Amino acid sequence: MTGNIIKFLREKEYISGEALAQKLSISRVAVWKQIQGLKDMGYEIIANQNLGYCLVSRPDLLIPQEIQRRLFTKYIGKEIYYYPEIKSTNIMAKEKALHREDGIIEGTLIIAERQSAGKGRLGREWFSPAGGIWLSIILYPQLPPSYIPRITLMTAVAVVKAIKICTQIESQIKWPNDILINEKKVCGILTEMSAELDIINWVVVGIGINANIDIRDFPKDIQKNTTSLKETSGKEISRVKLIRIFLQEFEKYYEKLKKKGFPSILREWKFYSHTLGKKIRVDIGEKIITGEAIDINESGALVLKKEDGELIEIISGTII
Ligand code: BT5
């Protein structure tokens with residue numbers, strides 16, 4: 001409902017309460033209430049006795065109607081759950097993903113202005129203050145569970161592309177789930193799923209992008225290795241625009257993955273890779289392996305050449 005009133009307020013400089021009431025088929029009191037609601041959300045609306053209402057400015061918030069306006073996707077982001085603050089968009093998305101029978105559709109988005117308990121991999125914390133982009137996408141892919149690493153890599157390519165299109169900033173992918181700008185982390189991806197032997201029940205892809213965050217606001221222990229888009233470009237970026245472009249890129253690559261397979265996406269991944277060709281140390285949980293990152297194979301695993309020449313494939317790990 002509020003979406004419609006915003007649409008009409010945008011169309012003209014001024015629109016009378018009466019015209020709005022007519023267009024929306026509601027009373028003038030109901031129009032007034034909706035206007036108050038928008039003001040509470042941060043919309044600046046002035047009322048002129050003779051001319052009516054005028055939308056002066058929009059809040060810098062990730063309000064679904066703002067994201068969906070001019071969003072050219074078929075299904076990603078068609079349904080959005082928006083929260084000023086929740087613990088974690090991934091936790092919320094996982095709860096919702098269980099309810100496919102109750103109408104939760106593929107591409108449903110959970111988005112929050114802040115997360116009070118944002119999650120990284122392996123129980124790590126993800127710092128998520130206001131100004132960032134914290135969102136999760138629910139997917140129901142008809143793919144085998146072994147495709148999960150490919151979904152993470154594909155998401156990374158979509159993020160790099162979106163950042164480039166929206167801000168002209170070049171970023172790189174650090175295997176498996178980090179996006180870096182000048183060696184510093186600007187984005188992390190957390191892919192979670194529920195699967196049976198050979199079918200995926202649901203996938204939740206969580207994306208955290210440090211958009212308009214001041215570097216001095218990050219916790220001291222991560223400040224050195226962290227950056228934000230605002231920090232890099234020297235100005236605030238439009239989070240709504242970046243999300244829109246990202247969702248479009250995400251859908252494009254996800255469709256490609258399902259219909260054409262992984263090789264073409266992998267080629268792009270390699271182009272943006274920060275990892276390949278480097279001597280690295282990878283923590284795989286039970287031990288740390290050292291070697292040269294020589295390739296990513298067709299299933300998304302990192303191929304490491306150890307000092308003794310042995311090649312090993314690593315599905316999941318953290319480069320340290
Ligand atoms: C990740 O984990 O990089 C995945 C992060 C995914 C976050 C998104 S936000 C939306 C969705 N909802 C969630 O709850 N999560 C997802 P990992 O590779 O484990 O990296 C975590 C490490 O990155 C931490 O241990 C810190 O060292 C560092 N870190 C924490 N917050 C950061 C931030 N905002 N920017 C850069 N680095 C950060």
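**Close-up views of the ligand site and its surroundings**

**View 1. The ligand and its pocket.** The ligand occupies the largest pocket of this predicted model. Helix 5 (89-97), strand 5 (133-139), strand 8 (184-195) and strand 9 (200-209) are the elements that each give two or more residues to the shell around the ligand. Strand 8 makes the largest contribution to this shell, with 4 residues. Sorted by class, the shell holds 8 nonpolar, 13 polar and 6 charged residues.

**View 2. Polar contacts of the ligand.** Here we zoom in on the atoms of the ligand and the side chains around them. There are 27 residues around the ligand, and the ones that come nearest are Ser88, Lys119, Arg121, Arg124 and Lys185. In the side chain of Arg124, an N or O atom is 2.6 Å from an oxygen atom of the ligand. Two further side chains face nitrogen atoms: a polar atom of Asn210 lies 2.8 Å from a nitrogen atom of the ligand, and an N or O atom of Thr89 is 3.0 Å from a nitrogen atom of the ligand. On its own the ligand has 790 Å² of accessible area, and the protein covers 90% of that.

**View 3. Strand 8 and its partner strands.** Let us follow strand 8, which gives the largest share of the ligand shell, to its neighbours in the sheet. Strand 7 (residues 178-181) runs antiparallel to strand 8, and 4 bridges join the two. One of the residues that come nearest to the ligand, Lys185, is the bridge partner of Leu180. Strand 9 also runs antiparallel to strand 8, joined to it by 9 bridges. Within this pairing, Thr191 of strand 8 stands opposite Val205 of strand 9.

**View 4. Two hairpins.** Which residue in the turn between strand 7 and strand 8 has a positive phi? That residue is Asn182, with a phi of about 45°, in a hairpin that leaves 2 residues between the strands. Strand 8 and strand 9 form a hairpin too, with 4 residues between them.

**View 5. Backbone features in two loops.** Most residues other than glycine have a negative phi, and most peptide bonds are trans. Two places are worth a look with that in mind. The peptide bond from Trp175 to Pro176 is cis, and its omega is near -5°. Pro176 belongs to the loop between strand 6 (172-174) and strand 7. Ser25 is not a glycine, yet its phi is positive, at about 55°. You will find Ser25 in the loop that lies between helix 2 (17-24) and helix 3 (28-41).

Conventions. Residues are numbered from 1 along each chain as its sequence is written. This is a predicted model: local features need pLDDT of at least 70, side-chain atom pairs count only at pLDDT 80 or more; totals for chains, interfaces and linings use all residues. Side-chain values use heavy atoms; hydrogens and water are left out. A residue is near a molecule or strand if one of its heavy atoms lies within 4 Å of it. A polar contact is a pair of N or O atoms within 3.5 Å; within protein, one must be able to donate a hydrogen and the other to accept it, and residues adjacent in sequence count only if both atoms are side-chain atoms. Accessible areas come from the Shrake-Rupley method with a 1.4 Å probe; for residues, only the protein chains shown count as cover. On a 1 Å grid over the protein atoms alone, a cavity is a set of points where a 1.4 Å probe fits but cannot get out, and a pocket is an open set with protein on both sides within 12 Å along at least five of seven lines; lining residues have an atom within 4 Å of a point. A molecule sits in a cavity or pocket if more than half of its atoms lie within 2 Å of its grid points. Ala, Val, Leu, Ile, Met, Phe, Trp, Tyr, Cys and Pro count as nonpolar, Asp, Glu, Lys and Arg as charged, and the others, Gly among them, as polar. Two strands pair if DSSP finds at least two bridges between them.
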